[in-house]
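Open the model in your viewer and keep the sequence panel beside it. The stops below each name something to select and then say what is there.

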Amino acid sequence: KRLLNELSIEEKLAQLNCYFPRTFNETELTDMERIHPYGVGHITSLELRSKRSYKEIVTLLHDFQQKAINLSPHSIPAIIHMEGVCGLLLKGSTSFPSLIARGSSWDSDLEYEIGKTVGEQAAAAGISQIFAPVLDVTRDSRFGRQCESYGEEPTLVAQMGTAYANGLQSVKSGLKPQATAKHFLGFHKSEGGVHAAHCNISERELREVYAKPFHSAIRDGNLTGIMPCYNSINGEPVSCSKEIMTDLLRGELGFNGITVSDYCAISNLKDTQKVCQSYTEAGARAIEAGMDVELQFKQCYNDELLELFKEGKIDMQVLDCAVERVLEFKFRAGLFENPYGLNEQELERVFSDKKYAEVSKKSARESIVLLKNDGVLPIKNKPKKIAVIGWHAGMVRSQFGGYSHFGMTEALIGAMSIM
């Protein structure tokens with residue numbers, strides 16, 4: 001509260017903004033200063049997936065964090081976020097099977113260890129927010145992102161996701177990375193299995209099926225972050241829904257952490273869902289509904305929105321509540337005392353620890369599903385050789401899901417090659 005009261009209105013809004021380095025070069029450090037002269041609350045580290053040395057990773061994370069601190073009149077560090085569903089998107093970090101595979105293990109103790117691995121490696125790198133677990137319940141195989149869910153049963157999703165969140169947030173000293181669960185709410189129930197489409201979900205089903213895993217992680221996992229979904233529910237985009245983000249999430253489920261938009265979700269209110277005439281209107285509707293932070297760049301939480309607060313057209317209490325939650329998140333993560341990660345030698349030592357590889361190996365083994373046994377198994381006589389047939393047999397790539405470092409890096413290369 002004391003720090004909040006010392007901040008100017010420009011500094012406050014800066015805490016709700018994010019900077020997105022696309023290449024992590026010197027030019028972007030200058031660009032960050034131009035766009036965010038009062039500092040910035042959040043920095044995305046996703047494009048570190050293309051960096052090939054520990055020295056690069058350590059140096060770049062340090063330089064961009066230092067720039068954020070130096071720009072802030074009160075030396076407030078930025079929350080640096082990263083995906084973590086299948087491990088960090090960083091060279092040498094431990095990768096894990098997709099959630100749909102891990103869900104088939106029914107092993108919540110192992111899921112805790114996976115979360116713990118991601119948390120410890122994130123802390124070593126200087127990353128304080130992880131976009132995981134995914135708590136979506138998935139029941140429509142037409143939906144292309146089924147691999148990111150633990151499955152179709154809300155109790156299973158709740159148990160596994162809560163275990164992951166507890167494991168990730170088990171780091172007790174230094175930087176303490178925090179979990180941000182997604183995608184609130186009903187994301188996988190879109191019409192026709194179309195990504196980010198409309199969802200028709202009854203009030204009972206919304207709470208008993210789709211909200212159940214989130215309630216579990218909030219209640220039993222001390223969840224500190226939520227990412228609302230792209231879609232609309234019963235005619236209203238979630239990104240500007242007070243009923244979903246405030247009344248249900250905070251009022252009924254008891255959540256008191258921060259909400260961060262999915263990438264471009266707020267600007268989608270204008271560009272895609274067509275419910276706003278300007279980005280500023282989209283920003284106003286989102287923040288008033290309960291969306292604390294705009295990711296992944298400054299577009300709707302802009303200078304015009306700042307003027308609306310200055311002119312009293314939006315209640316200043318709305319801004320203060322969002323900023324206070326962001327500052328609380330930073331204090332909880334130990335970010336003020338530990339804004340930086342380890343040096344390159346220490347980072348490599350942590351990432352190379354064999355205990356993490358053993359957790360990954362155990363998860364891979366427990367994720368194997370036998371679809372059909374026509375009498376071949378168990379093998380009675382010890383064979384000299386076993387032939388594994390098919391594309392998956394000879395392609396290492398096939399063993400890595402879309403959320404893994406391998407998968408995300410391949411996606412980047414693919415996108416660059418066709419654009």
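Begin by selecting strand S4, residues 129-131, together with strand S5, and you will find that the two pair in the parallel sense over 2 bridges. Within this pairing, look for Gln129, which stands opposite Gln178 in S5. Bear in mind, as you go from stop to stop, that this is a predicted model.

Now keep only strand S5 selected, which covers residues 178-184. Is this strand enclosed or left open by the rest of the structure? Since 7 of its 7 residues are buried, strand S5 is largely enclosed by the rest of the structure. One of the residues in strand S5 is His183, and the peptide bond that leads from Lys182 to His183 is cis, with omega near 0°. It is worth a pause here, because most peptide bonds are trans.

Next, widen the selection to the sheet as a whole, where 7 strands are arranged in the order S1-S2-S3-S4-S5-S7-S10, forming an open sheet with parallel pairing. Which strands stand at its edges? They are strand S1 (18-19) and strand S10 (258-259), and each has a single partner strand, so one side of each is left without a neighbour in the sheet. To see one of these edges in detail, select strand S7, residues 225-228, which pairs with S10 in the parallel sense over 2 bridges. In S7 and S10 you can pick out Ile226, which stands opposite Thr259 in S10.

From the sheet, move to the loops, beginning with the one between S1 and helix H3 (26-35), where Phe24 has its place. The phi angle of Phe24 is near 60°, which is a positive value in a residue other than glycine. Most residues other than glycine have a negative phi. Is Phe24 buried or exposed? With a relative accessible area of 5%, Phe24 is buried, because the cut-off for that label is anything under 20%.

A second residue to select is Ser75, found in the loop between helix H4 (54-71) and strand S3 (79-83). Ser75 also has a positive phi in a residue other than glycine, with a value near 55°. Its surroundings can be described by its accessibility, which is 41% in relative terms, so Ser75 counts as partly exposed.

The last local stop is Gln296, which you can find in the loop between helix H12 (279-289) and helix H13 (303-310). Here the peptide bond from Leu295 to Gln296 is cis, and its omega is near 10°.

Finally, zoom out until the whole chain is in view, with its 17 helices and 10 strands. If you turn the chain along its principal axes, the C-alpha atoms fill a box of roughly 80 × 55 × 45 Å. For 419 residues, a compact globule would have a radius of gyration near 22 Å, and the chain has 22 Å, so the two agree. Of these 419 residues, 56% count as buried, while the area that the chain exposes is about 18,500 Å², with carbon and sulfur atoms supplying 52% of it.

How do the contacts run along the sequence? Among contacts between residues at least 6 apart in sequence, 76% join residues that are at least 24 apart. As a closing exercise, colour the charged residues: the chain has 47 positive and 53 negative charges, and their mean positions are 7 Å apart.

Terms used. Residues are numbered from 1 along each chain as its sequence is written. This is a predicted model: local features need pLDDT of at least 70, side-chain atom pairs count only at pLDDT 80 or more; totals for chains, interfaces and linings use all residues. Side-chain values use heavy atoms; hydrogens and water are left out. Helices (H or I, at least four residues) and strands (E, at least two) are DSSP runs, numbered from the N terminus. The radius of gyration is taken over C-alpha atoms; the globule rule is 2.2 Å times the number of residues to the power 0.38. Buried means under 20% relative accessible area, exposed over 50%, partly exposed in between (1.4 Å probe, protein chains only). Contact means heavy atoms within 4.5 Å. Accessible areas come from the Shrake-Rupley method with a 1.4 Å probe; for residues, only the protein chains shown count as cover. Lys and Arg count as positive and Asp and Glu as negative; His and the chain ends are not counted. The place of a charge is taken as NZ of Lys, CZ of Arg, CG of Asp or CD of Glu. Two strands pair if DSSP finds at least two bridges between them.
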